[in-house]
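Open your viewer, keep the selection box handy, and follow along one stop at a time. Each stop says what to select and what to look for.

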Amino acid sequence: MAVKKKTSAAAPAAVLSPRALGRATLERQLLLRRTAMSAEDAVRHLVGLQAQNTKPPYFQLLARLEGFEPAHLATLMESRRVVRIVTLRSTLHTHTADDALTLRPLVQEARDRELRIFRKGLVGVDLDRLRDLGRAYVEEAPRTPKEIRERLLTEWPDADPQALGTAARCLLPLVQTTPRGVWGKSGQVALTTAEHWLGRPSEPVPAPDSTVLRYLAAFGPASVKDMQSWAGLARLREVFERLRPQLVTFRDENGVELFDLPDAPRPDEDTPAPPRFLPEFDNVLLGHADRTRVIPAPLKGRNGVGNQAYGSVLVDGFLAAIWRLEAGPGTPTTVTVQELRPFTAAERDEVTDEAVALRSAMTEAATEDADVRFAPFVDFGD
């Protein structure tokens, strides 16, 4: 009689605690230690910097790069090696020129979903013609959003102006032209197409596989839902399944399957994590559906009130305070820190040192004159 050969069951996936996940992500986000990487390489590695406001990308790089100065990113913007463009989660990001021309087509399905929300205001509007008119108009010269709406209203006077502006933003890969977003300069939002600004065509819509691998390199280990939340895309399960043979898997404490690159760093969960001042909307705070690896559950929602977001202070790898930089005519620039949980004396000293360095680097103030205060400035209504 033939004897069936016993097969051993696959070993269960290792379980990673929020602290272990946080250390892995902080390592890949360049937040466990500052690196000598160039600003352009960092923007590429991080798959873009959230740029809903103009200054956060500079603070994001200050927290991550050794010897960073605002001019390093400003020069890249003025030379058109990086641009500000709506991509992930329908929000502005600072991307390298190459990523602007590839990621924008990749997330087009999300822009199409966004456009459907405004369909009632676009009754009778030929979207193909809108795309062609809009492209010709902004490539003739950079245009403000108001100018774009007014131009489109001459063609479709009965349409909703906001819907027309949104349609242009969704249908065209619009970039904000400089000097908008350049440190130390100002300028209203003026838009043209990425192809026109960069002098080359967009790439064909890429397969998402390479972006999944880049996401894991910068944010992993992560679940399918995590990446969908980061990118604003849907139906990525089949992509992860296709890539499964070249990935490793873990579980979080809730049993959710997490994917990762085999050789990606996963530091011990007790690896020291120095304080870091992050601006509002830093992607390390937004890069996962489950954000407990960086934001403790009791502090969920505490880095903002309503639509107002504040800078976040990480202490020991987790959100522990919020901060703001205050300046006014005739008054010294001050970094104010509001603790979200009590600091130890050692933590307060470390946070103070980091705040002094931030103020010195970003305001050209002498280190010895730095003013750092620990005081509440937000009422959470508790």
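A residue counts as buried when its relative accessible area is under 20%, as exposed when that area is over 50%, and as partly exposed in between, using a 1.4 Å probe and protein chains only. Helices (H or I, at least four residues) and strands (E, at least two) are DSSP runs, numbered from the N terminus.

You are looking at a predicted model, where local features need pLDDT of at least 70, side-chain atom pairs count only at pLDDT 80 or more, and totals for chains, interfaces and linings use all residues. Residue numbers start from 1 along each chain as its sequence is written, and side-chain values use heavy atoms, with hydrogens and water left out.

**Stop 1: helix 1**

Select residues 18-28, which form helix 1. Eight of its eleven residues are buried, so helix 1 is largely enclosed by the rest of the structure. Colour the buried ones to see them: A20, L21, G22, R23, A24, T25, L26 and R28. Just after the helix, click on L30, whose phi is positive, near 65 degrees.

**Stop 2: a three-stranded sheet**

Next, show strands 1, 7 and 8, which make an open sheet in the order 1-7-8 with mixed pairing; two strands pair if DSSP finds at least two bridges between them. Strand 1 (15-16) and strand 8 (257-260) are the edge strands, each pairing on one side only. Strand 7 (residues 248-252) runs antiparallel to strand 8, and the two share four bridges. To find one of the bridge pairs, select T249 and look across to F259 in strand 8.

Stay in strand 8 and pick E257. Its side chain makes a polar contact of 2.9 Å with the side chain of R244. A polar contact is a pair of N or O atoms within 3.5 Å; within protein, one must be able to donate a hydrogen and the other to accept it, and residues adjacent in sequence count only if both atoms are side-chain atoms. What else does E257 touch, leaving out residues up to four places away in sequence? Contact here means heavy atoms within 4.5 Å, and the list is A222, S223, R237, R244, T249, F250 and R251.

**Stop 3: salt bridges**

Now turn on charged side chains. A salt bridge is a side-chain nitrogen of Lys or Arg within 4 Å of a carboxyl oxygen of Asp or Glu, and the structure holds 36 of them.

Begin with E78 and K185, whose closest N and O atoms are 2.6 Å apart. This pair links distant parts of the chain, 107 residues apart: E78 sits in helix 4 (residues 70-78), and K185 in the loop between strand 5 (174-176) and strand 6 (191-193). E78 is partly exposed at 38% relative accessible area, and K185 is partly exposed at 49%.

Move on to D226 and R293, with closest N and O atoms 3.8 Å apart. D226 belongs to helix 12 (residues 224-231) and R293 to the loop between helix 14 (283-286) and strand 10 (304-305), so this salt bridge ties together parts that are 67 residues apart in sequence. Are these two residues buried or exposed? D226 is buried at 3% relative accessibility, and R293 is buried with a relative accessible area of 3%.

For another example, select D260 and R266, where the closest N and O atoms lie 2.7 Å apart. D260 is buried at 0%, whereas R266 is partly exposed at 33%. Then select R19, R23, D270 and D316, which are joined into one network by salt bridges that share partners.

**Stop 4: crossing helices**

Axes here are lines fitted to C-alpha atoms, for helices over the stretch in contact, and angles run from 0 to 180 degrees between N-to-C directions. Angles under 35 degrees count as roughly parallel, over 145 as roughly antiparallel, 65 to 115 as roughly perpendicular and the rest as oblique.

Display helix 11 (residues 209-219) with helix 12: their axes come within 11 Å and cross at roughly 100 degrees. That makes the two roughly perpendicular. T211, V212, Y215 and F219 of helix 11 meet D226, M227 and W230 of helix 12.

**Stop 5: a buried serine**

Finish at S312, in strand 12 (residues 311-315). S312 is buried, with a relative accessible area of 0%. Setting aside neighbours within four places in sequence, show its contacts: R276, F277, L278, L285, N303, L319, A321 and W323.
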